[in-house]
Amino acid sequence: MRKFLILARVQLWALLTSFRIGGSRKKAASGWAALALMAALCLFISGSYSFPLGGQLAAAGCLELLLLMMSAMAAILGLVFTTFAAQGVVFGGRDADLLLSMPVSAFTALLAKLTALYVENLVLCAFLVLPAGAAWLWFGGGGGALFILRLIVGTLFLALLPTLLSLTGGFILSWLGGRFANRRAVNLLLYGLMAAAVFFLAVRMNMAAAVLVAGAMGAEAADAFTGWGVPFLLFQRGVCGDWETLAMFCLLSLAPVLAAAWLFARNYQRVLTGLSSHGKRPAYRLGRLKAAGRRKALLRKEADRYFGTPIYLLNTGIGLILLIIAGIAAAVMGGNLRERLAQTELGSFPLLTLAAAVIGFMLSTVAITGSSISLEGRNLWIIKESPVSASEALGVKAGFQLLLACPCASLCAAGLAWGLGLSLAEGGVLLLFSLAFAGFTALMGLAVNLLFPKLDAVNDMVVVKQSAAAMLSTFGGMGAALACGGAVWWISDLTGELPALAGCAAVLLLGSAGLLRWLHTAGAERFREL
C-alpha cells in the first residue's frame, strides 16, 4: 500500500507539472494553480447553469433531472479532457521502463497512473455536480445531511466512469495510431469520431431532458435513458435517497476500473512495446523541390503542423467550424431567426450586442498562437538559426491564425447581419468588431505563449490542452469577449448600441497595436532568448 501511495503521488505530481510554467521547481506549484483554475471554471459553469435551470425544473416538477444532466455533463467533460491525458500518461509516459524495472507489480504501477487521471476527473465531477446538489437543496429537493453524504459518496464513484472511458479511449487512439503508416491521418480520423461520439451523447442528453420536462413518465422516460444514461439514472436515484441503488452504482463504477487495470497489467510491458511500434513507412523518393519565399515557407510550415497535428486542429478548430455553421444557419433562417430569438430569454438582449458576443466567444476558442511556439519544442533552434528575423517569424505565426479566423468571422458576421435584419451600418460595425477581435486574440495568444512557453512537453497533448499558455490564451479571449459585451451593454445607455460597439472595436485595435509593438521589440528579444 505504501508503494502504491508513493507512486500515485509521483504520477499526480507529473500530471500537474505538465501545467508548469518554465522548468524551475519553484514554479511547479503553478500546476496546482492551473488545477484550481479548472476547478473555479467548473464551479462557475455549474453554478450559473444549475440554479437558473433548477428553478425552471422545480416549477415543472422534475427537479431530479438537474442531477441527471449535471452528472452526464461531468462524465462527458471528463472524457474529453482526460482521454488524451490517458494516451500520454498511461500508454505513452517516458517513465514506463523505469516503473516496470522497480520492485513493484505492473498492476500497482498502472493503478497509480489511473489514480492521477482519477484525481483530475474527480475535480471536474465534484465542481460540476456539487453545485447542482446545492441547487437541489435550495429549491426544496430535500434530504438534508444524508443527501449531502450520498452526494459526496456518489461523486467519488462517478469520477470513475470518465476515468474508465478515457483509459479505453486512450488505448484505442494509441493502438490504432501506431498500426498505420499515415499515423497523423488516422489520429485525426479517430479524434473526429470521438468528437462525434461526444456530440451524439450531448444530443441524446438534450433529448432525454426534453422528454422529462414534457412530463413523460414510465416507459417513455425510461427509454430516454436506456443504454448510455443508465449509470446517471442510478446515480440520481441513489443520491436522492435509495441506498441500495447507490451501493449498486458504486459497485458498478469500481469493478470495471479494477478489471481494466488488471487486464492491462497482465501484459503491460507487451502493450507498451506494441503501442510504440509503427506501421510500415513509405519509401523515400527523390523529387524536385519548388522554391518559395521566406514567408511562404514559414506559412507552409505552420499549416503542415496545424493540419498534421490532430489534437492541435481539433482543440482550436472547433470555433472555426462553429463560425461557419452559425453564419450559414443564420443566413438560411433569415427573418425567422429574429422571431425565434424573441420567443426565448435571449430576445430581451440587444441583437447587435448579442451577435458580437457570439462571434467573440467562438473566436476566443481559436487559440492557435497560444500553442504555436510551444509546439516547436526542441526544434525551436531551426527557426532561430534560419535566415529569418524573430519579428518575421512571430508575424507569420500570428498571420496564420488570422488567415483562418478572419474569413470565418467575416462569414459569420455577414450571416448574422442578414439573419437578424441588421442595417448596413450595424453590419459594417459588426464586421469591424469581428476582425478587430480576431487580430487581438491572435496577438494576445502569441504574447502569452512567449511569456509562458512549454518547450519540454512529453507530447503535443500536454501543450495544446494542459499548458499554461494554451489555457490563458483561451480564457483570456473569453474574458475579453465578456468584457466587450459588458462594456457595450453599459455604454449603450449613454451613446447607443452602434457607437458603443464601434468604440469597443477601436479599443481592440489600439490593444492590437500595442501588442504588435511589444512583439516587435521585447517580444522578439524574448523569442531570441528561448
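**Close-up 1. Cys408, a buried cysteine without a sulfur partner.** Cys408 has a relative accessible area of 12%, so it counts as buried (under 20% relative accessible area is buried, over 50% is exposed and anything in between is partly exposed, with a 1.4 Å probe and protein chains only). The closest cysteine sulfur to that of Cys408 sits in Cys412, 9.3 Å away, which is too far for a bond. Searching the whole structure turns up zero disulfides, taking a disulfide as a pair of cysteine sulfur atoms within 2.5 Å. Cys250 is buried too, at 11% relative accessibility. A quick word on the model: it is predicted, so local features need pLDDT of at least 70 and side-chain atom pairs count only at pLDDT 80 or more, while totals for chains, interfaces and linings use all residues. Residues are numbered from 1 along each chain as its sequence is written, and side-chain values use heavy atoms, with hydrogens and water left out.

**Close-up 2. Phe433 inside the largest nonpolar core.** This core has 131 residues, and Leu430 and Phe433 are the ones with the most contacts inside it. A nonpolar core here is a set of buried Ala, Val, Leu, Ile, Met, Phe, Trp, Tyr and Cys residues joined through side-chain atoms within 4.5 Å. Which residues does Phe433 contact, leaving aside neighbours within four places in sequence? They are Ala356, Cys484, Leu501, Cys504, Ala505 and Leu508, where contact means heavy atoms within 4.5 Å.

**Close-up 3. Ala438 on helix 20.** Helix 20 covers residues 424-451 and includes Ala438; helices are DSSP runs of H or I with at least four residues, strands are E runs of at least two, and both are numbered from the N terminus. At 0% relative accessibility, Ala438 is buried. Setting aside neighbours within four places in sequence, Ala438 touches Leu363, Leu402, Ala405 and Cys406. Ser512 is 74 residues from Ala438 along the chain, yet their C-alpha atoms are 9.7 Å apart.

**Close-up 4. Helix 10, largely enclosed by the rest of the structure.** How many of the ten residues of helix 10 (residues 230-239) are buried? Seven are: Phe232, Leu233, Leu234, Phe235, Gln236, Gly238 and Val239. Just past the end of helix 10, Gly241 has a positive phi of about 140°.

**Close-up 5. A nonpolar patch on the surface, with residues from helices 5 and 6.** Leu130, Leu137, Ile148, Ile152 and Leu156 make up the patch, and together they have about 370 Å² of accessible area (Shrake-Rupley method, 1.4 Å probe; for residues, only the protein chains shown count as cover). Patch members have over 30% relative accessible area and no salt bridge; like charges are joined within 9 Å, and nonpolar side chains (Val, Leu, Ile, Met, Phe, Trp, Tyr) within 5 Å. A salt bridge puts a side-chain nitrogen of Lys or Arg within 4 Å of a carboxyl oxygen of Asp or Glu. Helix 5 (106-138) and helix 6 (144-158) each supply at least two residues, with the largest share, three residues, coming from helix 6. Leu130 belongs to helix 5 and is partly exposed, at 36% relative accessible area.

**Close-up 6. Ser48 on helix 2.** Helix 2 spans residues 30-60 and holds Ser48, which is partly exposed with a relative accessible area of 42%. Ser48 and Pro131 are 83 residues apart in sequence, and 9.3 Å separates them in space, C-alpha to C-alpha.
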